[in-house]
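Work through the following exercises with the structure at hand, and try each task before reading its solution.

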Amino acid sequence: MFISHHLNLLSEDDWQQLIGKPAPSAKDMIASLDLVDQWEQTYDFALLNQVSDYLLSVTFDDQGAVSNIAMES
């Protein structure tokens, strides 16, 4: 949902300026995430330069495995 939302939100020019490609793949977008906040075992990531208000929030369990991923605003 995070990826499809941002693919529709940003123009090809925006993507070109942000990551150097006018049409990024999902892998390109994930690679461009920037850590913006962390507490306990939850990490919030945003696209570079925080070009939108949406975050990808990832929570890890005690063994370090991903236990939850959510899109937040």
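A residue counts as buried when its relative accessible area is under 20%, as exposed when that area is over 50%, and as partly exposed in between. The model used here is a predicted one.

**Exercise 1.** Classify Lys-21 by its relative accessibility, and find the residue with which Lys-21 forms a salt bridge.

*Solution.* Begin with the accessibility: Lys-21 has a value of 38%, and because this lies between the two cut-offs, Lys-21 counts as partly exposed. Next, recall the general idea that side chains of opposite charge can pair when their charged atoms come close. The partner of Lys-21 in the salt bridge is Asp-28, and the closest N and O atoms of the two are 3.1 Å apart, which is within the 4 Å that a salt bridge requires. Finally, the count for the structure is 1 salt bridge.

**Exercise 2.** Describe how strands S1 and S2 pair, and then how S2 is joined to S3.

*Solution.* First take S1, which covers residues 33-39, and S2, which covers residues 42-47; they pair in the antiparallel sense over 6 bridges. At one place in this pairing, Trp-39 stands opposite Thr-42 of S2. The hairpin made by S1 and S2 has 2 residues between the strands, and within this hairpin Glu-40 takes a positive phi near 45°. Then turn to S3, residues 55-60, which runs antiparallel to S2 and is joined to S2 by 4 bridges. Here Phe-45 has Leu-56 in S3 as its bridge partner.

**Exercise 3.** Is Asp-44 buried or exposed, and which side chain does Asp-44 meet in a polar contact?

*Solution.* Start by locating Asp-44, which lies in strand S2. Asp-44 is buried and yet has no salt bridge, since the nearest side chain of opposite charge, that of Lys-27, is 24 Å away, whereas a salt bridge requires atoms within 4 Å. The side chain of Asp-44 does, however, make a polar contact of 2.9 Å with the side chain of Ser-57. Beyond its neighbours within four places in sequence, Asp-44 is in contact with several residues, including Asp-34, Val-36, Trp-39 and Leu-55.

**Exercise 4.** Place Asn-68 in its strand, and state which residues Asn-68 contacts beyond its neighbours within four places in sequence.

*Solution.* Asn-68 belongs to strand S4, which covers residues 66-72. With a relative accessible area of 40%, Asn-68 is partly exposed. Leaving aside those sequence neighbours, Asn-68 is in contact with Ser-57, Val-58 and Thr-59.

Technical notes: Residues numbered from 1 in each chain as written. Predicted model: local features only at pLDDT ≥ 70, side-chain atom pairs only at ≥ 80, totals over all residues. Heavy atoms only, no water. Pairing = 2+ DSSP bridges. Buried < 20%, exposed > 50% of the residue type's maximum accessible area, 1.4 Å probe, protein only. Lys, Arg positive; Asp, Glu negative; His and termini not counted. Polar contact = N/O pair within 3.5 Å; in protein donor to acceptor, adjacent residues only side chain to side chain. Contact = heavy atoms within 4.5 Å.
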